[in-house]
Amino acid sequence: HEVARILKPGGLLVVETPREESLFKFVAHSLYHITGGRNTTLIRSSYNEHPGGHRLGFTRHSLEKLLAQKGFSVLRVEKRMMPLGAFFKESMRRRGSPANKLLFTGASVCLWFLSASLRMQNRMVVYARKT
């Protein structure tokens, strides 16, 4: 709302946000449901606990709809992966035994490569112009 208020007509908005259609989110939600809500590790990682972490997720459609409601026309949407180094660092900062950290980090890195190869990246960048 604030960007729409202050940006002049014709102004460009670039937004990068996590993608709800990513493989990581699919696996996280599936594992949560399969275990009846007992395994929350990946689902908690999907919605970062740290200050400034993302509490909401967007699909391409939901973000395009939100931007249209605020007077923007979407020019382009790009899928991206979180940088591998940042992905690795985030998984290593987890609490737990070294064995659990290693297992989680190994699975996360495998998921990173699989996401990239299947084009189910975990981030999107949206370029939009204020109409």
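# Exercises on a predicted protein model

R76, E78 and R80 are linked in a network of salt bridges. The structure is a predicted model, in which local features need pLDDT of at least 70 and side-chain atom pairs count only at pLDDT 80 or more, while totals for chains, interfaces and linings use all residues. Residues are numbered from 1 along each chain as its sequence is written, and side-chain values use heavy atoms, with hydrogens and water left out.

## Exercise 1. The network of salt bridges

Determine which contacts join R76, E78 and R80 in a network, and classify R76 as buried or exposed or in between.

Solution.

Step 1. A salt bridge is defined as a side-chain nitrogen of Lys or Arg within 4 Å of a carboxyl oxygen of Asp or Glu.

Step 2. R76 and E78 satisfy this through their side chains, with 2.9 Å from N to O. R80 also forms a salt bridge with E78, and here the closest N and O atoms are 2.8 Å apart.

Step 3. A residue is called buried under 20% relative accessible area, exposed over 50%, and partly exposed in between (1.4 Å probe, protein chains only). R76 is partly exposed because its relative accessible area is 43%. E78, at 22%, is partly exposed, and R80, at 33%, is partly exposed.

## Exercise 2. A salt bridge between two strands

State how many salt bridges the structure holds, and describe the one between R123 and E16.

Solution.

Step 1. The structure holds seven salt bridges.

Step 2. In one of them, the side chains of R123 and E16 meet at 2.9 Å, N to O. This pair links distant parts of the chain, since R123 belongs to strand β3 (residues 123–130) and E16 to strand β1, 107 residues apart.

Step 3. Helices (H or I, at least four residues) and strands (E, at least two) are DSSP runs, numbered from the N terminus.

Step 4. The partners are then classified. R123 has a relative accessible area of 16% and is therefore buried. E16 has a relative accessible area of 40% and is therefore partly exposed.

## Exercise 3. The protein as a whole

Give the order of the elements from the N terminus on and the share of residues that count as buried.

Solution.

Step 1. The secondary structure comes to six helices and three strands.

Step 2. From the N terminus on, these elements run α-β-α-α-α-β-α-α-β.

Step 3. The protein has 131 residues, of which 31% count as buried. Along the principal axes, its C-alpha atoms fill a box of roughly 55 × 30 × 25 Å.

## Exercise 4. The second largest pocket

Describe the space in the second largest pocket and the residues that line this pocket.

Solution.

Step 1. On a 1 Å grid over the protein atoms alone, a pocket is an open set of points where a 1.4 Å probe fits, with protein on both sides within 12 Å along at least five of seven lines; lining residues have an atom within 4 Å of a point.

Step 2. About 150 Å³ of space lies in the second largest pocket. A volume is the space filled by probe spheres set on the grid points, which are joined across faces, edges and corners.

Step 3. The lining consists of H1, V3, A4, L13, V15, L63, L66, L67, K70 and F72. Two or more residues come from each of α1 (2–6), β1 (12–18) and α4 (60–69). The largest share, three residues, is given by α4.

Step 4. Ala, Val, Leu, Ile, Met, Phe, Trp, Tyr, Cys and Pro count as nonpolar, Asp, Glu, Lys and Arg as charged, and the others, Gly among them, as polar. The lining residues divide into eight nonpolar, one polar and one charged.

## Exercise 5. Helix α6 and the loop after it

Locate G106 and R119, and state the sign of phi of R119.

Solution.

Step 1. G106 lies in helix α6. With a relative accessible area of 35%, G106 is partly exposed. Its C-alpha atom is separated by 16 Å from that of P83, 23 residues apart along the chain.

Step 2. R119 is placed in the loop between α6 (98–117) and β3. Phi of R119 is near 60°, a positive value in a residue other than glycine.

Step 3. R119 is exposed because its relative accessible area is 52%.
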